[in-house]
Amino acid sequence: IGMIKGNNTTLTATVTPPNTDEEVTWETSSSTTVSVVRNSSNHKQATITANNVGTATITVRSGSQSASVTVTVTNPATSVTISGSEEITVHRGTNQDVTATKVPTDADDAITWTSSDTSVATVTVQSETNGVSTARINALAKGDATITASSGTATDTITVHVDAPIT
C-alpha cells in the first residue's frame, strides 16, 4: 500500500476462525519507516504511521499463520510557490532570477522549471537547497511566455513579458 509521510491508517487482520483465542501480533520490518501499534481493545487491528520515505513490511501473526503487506512511504510536494509577482517584464537580451519554494521542503521531487515558449524565454535551474529553487529566465525575443515551476503534481506559474528595449 502507498502512504504519505506523516499519515496513518488502520489495518485489520481477518483471523479464521473468527472466534479464535490465538493472540494476534503485529510487527514492522523498519520502525523508522513505518511504525505499527496494535489496538488495545481489538488486537486484530493496528495503526500504522508513515514516518519516513522508504519501504517497510508489516506482518501480522496469529498462531502458526501470518500475512504481510508492503508499505511504500512517499513525501510528495503539496504546493509550489514562485516568489514575487504573477507577471514580470524582462528586457530582451537580459535575464532575471526567480525562486520557487516547495512544501514540504523535503518533498521527494526536485523543482523543475519549464517555459511555454522557448523562442521568447528560456529558464534554467541555478540551484536548489532546502526546498528553494532558483532559476534564471533568459529573455530572447519580444513576446510572452509562461514559466512553470513543478514538483511532482504541484505547480505554480508566472507570465514573462519580454520587451524590446529602445536603443
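Start with the open sheet: in this predicted model, 4 strands line up in the order β1-β7-β6-β3, and their pairing is mixed. To find the borders of the sheet, select residues 2–4 for β1 and 24–28 for β3; these are the edge strands, and each pairs on one side only. Now turn the view and look at how the strands sit against each other: neighbours in this sheet are turned by 25° on average, direction ignored.

Next, select residues 54–62 and 65–74. You now have β6 and β7, which run antiparallel and are joined by 9 bridges. Which residue is the bridge partner of Ser62? Click on Gln65 in β7 and you have found the partner.

Keep Ser62 and Gln65 selected, since both help line the largest pocket. Add Ala13, Thr14, Val15, Thr16, Thr20 and Glu22, then Val60, Arg61, Ser66 and Ala67, to show the rest of the lining. β6 and β7 each supply at least two of the lining residues. The space has a volume of about 190 Å³. Try colouring the lining by class: you should get 4 nonpolar, 6 polar and 2 charged residues.

For the last stop, move on to the largest nonpolar core. Select Trp113, Ile137, Ile158 and Val160: of the 23 residues in this core, these touch the most other members. Then show the strands that give two or more residues to the core, among them β8 (79–82), β9 (87–91), β10 (95–103) and β12 (121–129). Carry on along the chain to β13 (132–139), β14 (143–151) and β15 (154–163), which also belong to that list. Which strand gives the most to this core? Select β15, which gives 4 residues.

Note on methods:
Residues numbered from 1 in each chain as written. Predicted model: local features only at pLDDT ≥ 70, side-chain atom pairs only at ≥ 80, totals over all residues. Heavy atoms only, no water. Pairing = 2+ DSSP bridges. Axes fitted to C-alpha atoms, helices over the stretch in contact; angles between N-to-C directions. 1 Å grid on protein atoms, 1.4 Å probe; cavity = no way out; pocket = protein on both sides within 12 Å on 5 of 7 lines; lining within 4 Å. Points joined across faces, edges and corners; volume = space filled by probe spheres on them. Nonpolar A, V, L, I, M, F, W, Y, C, P; charged D, E, K, R; others polar. Core = buried A, V, L, I, M, F, W, Y, C linked by side-chain atoms within 4.5 Å. Buried < 20%, exposed > 50% of the residue type's maximum accessible area, 1.4 Å probe, protein only.
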